[in-house]
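Subject: Structure handover

Hello,

Here is the structure I said I would pass on. My notes on it follow below.

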Amino acid sequence: MDISEALEDLVANAPDIYDETFQSSADSIQRWQTLFNYTPSEAAERIKSQKLNGSHLTLTASQWEMIKSEKEAQGHDRDSYEHWIETH
C-alpha cells in the first residue's frame, strides 16, 4: 500500500462528525428499510448512530473495492454493508 492509499483509508475510516441537524439521504433511508426491514425513522436513526460511532467496523477502501460490485448488486452501499456485517 502506498502513502496515497494509506491516507485514503485513513480518511475513509475516520469517524464522520455531524451536528444535530444531520439528515440521512432519502436513498440511504430507503436502502436500509429494504435491506434491514427498518421503519423510516429507525433507518435514519441507525444510519446516524453508525456515522457517529467511531468504533464500528469499517472496511478499507481497498477491501470495499474488491467486493463493491457484488454488494452493490445486492443493494448495499459501503455503510449498509458494514452495518450488515456488524448485525450478522
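Of the 88 residues in the protein chain, 27% are buried. Please keep in mind that this is a predicted model. The protein chain has 5 helices and 0 strands, so the order of elements from the N terminus is simply α-α-α-α-α. Among contacts in the protein chain with a separation of 6 or more, 61% are between residues 24 or more positions apart. The exposed surface comes to about 5900 Å², and carbon and sulfur atoms supply 52% of that.

Salt bridges

The count of salt bridges is 5. Three of them are described here, including one between the side chains of Arg31 and Asp77, with N to O at 2.9 Å. Arg31 sits in helix α2 (residues 26-36), while Asp77 is in the loop between α4 (61-73) and α5 (78-87), so this pair ties together parts that are 46 residues apart in sequence. Arg31 is partly exposed, with a relative accessibility of 24%. Asp77 has a relative accessible area of 19% and is buried; the cut-off for buried is under 20%, so Asp77 falls on the buried side of it.

Asp77 also has a second role in the model: it caps the N-terminal end of α5, where one of its side-chain oxygens lies 3.3 Å from the backbone nitrogen of Asp79.

Within α5 there is a salt bridge between the side chains of Glu82 and Arg78, at 3.5 Å from N to O. These two residues are 4 apart in helix α5, which means that about one helical turn separates them. Glu82 is buried at a relative accessible area of 2%, and Arg78 is buried at 18% relative accessibility. The buried residues of α5 include Ser80, Tyr81 and His83 as well.

Glu70 and Lys71 form another salt bridge, in which the closest N and O atoms are 3.6 Å apart. Here Glu70 is partly exposed at 45% relative accessibility, whereas Lys71, at 11%, is buried.

Aromatic pairs

How many aromatic pairs does a search of the whole structure find? The search gives 4. One of them joins Trp64 and Tyr81, a tilted pair with 6.4 Å from centre to centre and 40 degrees between the planes. Trp64 belongs to helix α4 and Tyr81 to helix α5, so the pair ties together parts that are 17 residues apart in sequence. Both Trp64 and Tyr81 are buried. Elsewhere, ring pairs link Trp32, Phe36 and Tyr38 into a cluster.

The loop after α2

Asn37 lies in the loop between α2 and α3 (40-52). Its phi is near 60 degrees, a positive value in a residue other than glycine. Asn37 is exposed, at 69% relative accessibility.

Where to look

If you open the model, α5 is a place to start: Asp77 caps its N-terminal end, and the salt bridge between Glu82 and Arg78 is in this helix. Tyr81, which is buried in α5, pairs with Trp64. For the link to helix α2, go to the salt bridge between Arg31 and Asp77.

Regards

Conventions. Residues are numbered from 1 along each chain as its sequence is written. This is a predicted model: local features need pLDDT of at least 70, side-chain atom pairs count only at pLDDT 80 or more; totals for chains, interfaces and linings use all residues. Side-chain values use heavy atoms; hydrogens and water are left out. A salt bridge is a side-chain nitrogen of Lys or Arg within 4 Å of a carboxyl oxygen of Asp or Glu. Buried means under 20% relative accessible area, exposed over 50%, partly exposed in between (1.4 Å probe, protein chains only). A polar contact is a pair of N or O atoms within 3.5 Å; within protein, one must be able to donate a hydrogen and the other to accept it, and residues adjacent in sequence count only if both atoms are side-chain atoms. Rings of Phe, Tyr and Trp (its six-membered ring) pair if their centres lie within 6.5 Å; planes under 30 degrees apart count as stacked, over 60 as edge-to-face and the rest as tilted. Contact means heavy atoms within 4.5 Å. Accessible areas come from the Shrake-Rupley method with a 1.4 Å probe; for residues, only the protein chains shown count as cover.
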